[in-house]
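This briefing covers side-chain contacts, grouped by topic. Please read it alongside the sequence and the structure shown here.

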Amino acid sequence: QVQLVESGGGLVQAGGSLRLSCAASGRTFSSAAMGWFRQGPGKERECVAAINWSGSSTYYADSAKGRFTISRNNAKNMVYLQMNSLKPEDTAVYYCAARRRTNITIHQYPISDTYDYWGQGTQVNVSS
């Protein structure tokens, strides 16, 4: 079992930066692939970034490439999403997700059903 708690959201002007954190509890965190998803107003939930258990493999949505960076610290049971050059269209609730099994393919990263555990989300608002 893995419990996830996101933090770091807030209001920022366009062009600014935020760093989201996801605190995970549970023995299996260090072997879990992790993802950051978001759901904006009137939009479907989408994966913006994901990372495998060791951090050696990452995935980014096209909208996040070059602006967002996902990282993890297994010793601290933490996953981070550094978001730079934020745009109003980045406004959304951001969710942290964890996969119970260690194995994951690049094609599975952005699929919601890949993940077994979800946090409650943290709101990010980007003003123009």
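A disulfide is a pair of cysteine sulfur atoms within 2.5 Å. The model is predicted. By that rule there is one disulfide, a search of the whole structure gives four aromatic pairs, and the salt bridges number five.

**Cysteines**

- The disulfide runs between cysteine 22 and cysteine 96, with an S to S distance of 2.1 Å.
- The torsion about the S-S bond of cysteine 22 and cysteine 96 is about -80 degrees, so this disulfide is left-handed.
- Cysteine 22 belongs to strand E3 (residues 18-25) and cysteine 96 to strand E9 (residues 92-98), so the bond ties together parts that are 74 residues apart in sequence.
- Cysteine 22 and cysteine 96 are both buried.
- Cysteine 47 has its closest cysteine sulfur in cysteine 96, and the distance of 11 Å is too far for a bond.
- Cysteine 47 also counts as buried, at 5% relative accessibility.

**Aromatic rings**

- A pair of aromatic rings is described by the distance of the centres and the angle of the planes.
- Among the four aromatic pairs is that of tyrosine 115 and tryptophan 118: the ring centres are 6.3 Å apart and the planes stand at 70 degrees, so the pair is edge-to-face.
- The cut-off behind this label is an angle over 60 degrees between the planes.
- Tyrosine 115 has a relative accessible area of 4% and is buried, whereas tryptophan 118 is partly exposed at 25% relative accessibility.
- One aromatic cluster is formed by Phe37, Tyr115 and Trp118.

**Charges over rings**

- Arginine 45 lies over the face of tryptophan 118, and its distance from the ring centre is 4.1 Å.
- Tryptophan 118 therefore takes part in an aromatic pair with tyrosine 115 and also has arginine 45 over its face.
- The ring of tyrosine 80 has the charged end of arginine 19 over it, at 3.9 Å from the ring centre.

**Salt bridges**

- Which side chain meets glutamate 46 in a salt bridge? The partner is arginine 38, with an N to O distance of 2.7 Å.
- Glutamate 46 is partly exposed, its relative accessible area being 32%, while arginine 38 is buried at 6%.
- Aspartate 90 and arginine 67 form another of the salt bridges, and their closest N and O atoms are 2.7 Å apart.
- This pair links distant parts of the chain, 23 residues apart: aspartate 90 is in the loop between strand E8 (78-83) and E9, and arginine 67 is in the loop between strand E6 (58-60) and strand E7 (68-73).
- Are aspartate 90 and arginine 67 buried or exposed? Both residues are buried.
- Arg38, Glu46, Arg67 and Asp90 are joined into one network by salt bridges that share partners.
- Aspartate 62 and lysine 65 form a salt bridge in which the closest N and O atoms are 3.2 Å apart.
- Aspartate 62 and lysine 65 are both exposed.

**Recap**

- Strand E9 holds cysteine 96 of the disulfide, and the loop between strand E8 and E9 holds aspartate 90 of a salt bridge.
- Tyr115 and Trp118 share their aromatic cluster with Phe37.
- Glutamate 46, which is partly exposed, and arginine 67, which is buried, belong to one salt-bridge network.

Methods. Residues numbered from 1 in each chain as written. Predicted model: local features only at pLDDT ≥ 70, side-chain atom pairs only at ≥ 80, totals over all residues. Heavy atoms only, no water. Helix = DSSP H or I, 4+ residues; strand = E, 2+ residues; numbered from the N terminus. Buried < 20%, exposed > 50% of the residue type's maximum accessible area, 1.4 Å probe, protein only. Phe/Tyr/Trp six-rings, centres within 6.5 Å; stacked < 30°, edge-to-face > 60°. Lys NZ or Arg CZ within 6 Å of the ring centre and 35° of its normal. Salt bridge = Lys/Arg side-chain N within 4 Å of Asp/Glu carboxyl O.
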